[in-house]
Amino acid sequence: MVGNIGNVLGAAGMGKIPGADGPKSADMVGTDFASFVKQAAEDAVGTMDAGEKMSMKGIAGEAELTDVVQAVNSADITLRTVVTLRDRMVQAYQEIIRMPI
């Protein structure tokens with residue numbers, strides 16, 4: 001299942017989850033969750049920015065239609081992934097708040 005999530009994030013331009021492809025490599029040792037989230041957010045912003053730039057090139061007639069469609073679809077997938085993750089985090093936070101002390 002973690003491998004599937006890694007593939008989805010990779011397809012969305014958000015990078016890979018450390019350990020999603022099996023054993024950790026030497027460069028992944030010591031990667032903490034905060035670093036992973038930071039890198040995923042930076043990748044998401046980069047994908048959205050690339051989609052906007054490609055759209056502007058498409059409007060100006062400087063890019064192929066297939067490249068524009070691919071960049072916009074990638075940005076759309078990234079946005080949907082980020083919104084879904086946000087909704088899940090809010091839902092988890094609300095469940096924690098409702099727990100009796």
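Buried here means under 20% relative accessible area, and Phe36, with a relative accessible area of 18%, is therefore buried in this predicted model.

**Figure 1. Overall view of the predicted model, a protein with three helices and zero strands.** Read along the sequence, the elements follow the pattern α-α-α, and of the 101 residues of the protein 16% count as buried. The protein exposes about 7,700 Å², of which carbon and sulfur atoms supply 63%. Among contacts between residues at least 6 apart in sequence, 53% join residues that are at least 24 apart.

**Figure 2. Confidence of the prediction along the chain, with helices H1 and H3 at its two extremes among the elements.** The average pLDDT of the protein is 81, and 70% of the residues score at least 70. Helix H1, which covers residues 2-11, has the lowest mean pLDDT among the elements, at 47, whereas helix H3, which covers residues 65-97, has the highest, at 95. Over residues 1-5 the pLDDT is below 50, and beyond near neighbours in sequence this stretch has four contacts in the model.

**Figure 3. Helix H2, residues 33-60, and the glycine that comes just after it.** The 28 residues of helix H2 should span 40 Å at 1.5 Å a residue, and the end C-alpha atoms of this helix are 41 Å apart, which agrees with that expectation. The buried residues in H2 include Phe36, Ala40, Ala44, Thr47 and Gly51. Just after the helix, Gly61 takes a positive phi of about 80°.

**Figure 4. Close-up of Phe33 and Phe36, both of which lie in helix H2.** A search of the whole structure finds one aromatic pair. The ring centres of Phe33 and Phe36 are 6.3 Å apart and the ring planes stand at 40°, so the pair is tilted. The two residues are three residues apart in the sequence, which is about one turn of the helix. How do Phe33 and Phe36 divide between buried and exposed? Phe33 counts as exposed because its relative accessibility is 64%, and the cut-off for that class is over 50%; Phe36, by contrast, is buried, with a relative accessible area of 18%.

**Figure 5. Helix H3 along its length, with its buried residues.** At 1.5 Å a residue, the 33 residues of H3 should span 48 Å, and the end C-alpha atoms of this helix are 48 Å apart, which agrees. The residues of H3 that are buried are Val68, Ala71, Ala75, Thr78 and Thr81.

**Figure 6. Close-up of Ala75, a residue of helix H3, with its contacts.** Ala75 is buried, with a relative accessible area of 10%. Which residues does Ala75 touch, not counting residues up to four places away in sequence? They are Thr47, Met48 and Gly51, and of these Thr47 and Gly51 are among the buried residues in H2. Ala75 and Gly46 are 29 residues apart in sequence, and the distance between them in space, C-alpha to C-alpha, is 9.2 Å.

**Figure 7. Asn73 and Asp76 of helix H3, shown with Gly51 of helix H2.** Asn73 is partly exposed, with a relative accessible area of 44%, and Asp76 is likewise partly exposed, with a relative accessible area of 32%, whereas Gly51 is buried. From C-alpha to C-alpha, Asn73 and Gly51 are 8.1 Å apart in space, although 22 residues apart in sequence. For Asp76 and Gly51 the corresponding distance is 8.7 Å, with a separation of 25 residues in sequence.

**Figure 8. Close-up of Thr81 in helix H3, with the backbone oxygen of Ile77.** Thr81 counts as buried because its relative accessibility is 14%, which falls under the 20% cut-off. A polar atom of the Thr81 side chain lies 2.8 Å from the backbone oxygen of Ile77.

Notes: Residues are numbered from 1 along each chain as its sequence is written. Side-chain values use heavy atoms; hydrogens and water are left out. pLDDT is the predictor's confidence in each residue, from 0 to 100. Helices (H or I, at least four residues) and strands (E, at least two) are DSSP runs, numbered from the N terminus. Contact means heavy atoms within 4.5 Å. Buried means under 20% relative accessible area, exposed over 50%, partly exposed in between (1.4 Å probe, protein chains only). A polar contact is a pair of N or O atoms within 3.5 Å; within protein, one must be able to donate a hydrogen and the other to accept it, and residues adjacent in sequence count only if both atoms are side-chain atoms. The expected span of a helix is 1.5 Å times one less than its number of residues. Rings of Phe, Tyr and Trp (its six-membered ring) pair if their centres lie within 6.5 Å; planes under 30 degrees apart count as stacked, over 60 as edge-to-face and the rest as tilted. Accessible areas come from the Shrake-Rupley method with a 1.4 Å probe; for residues, only the protein chains shown count as cover.
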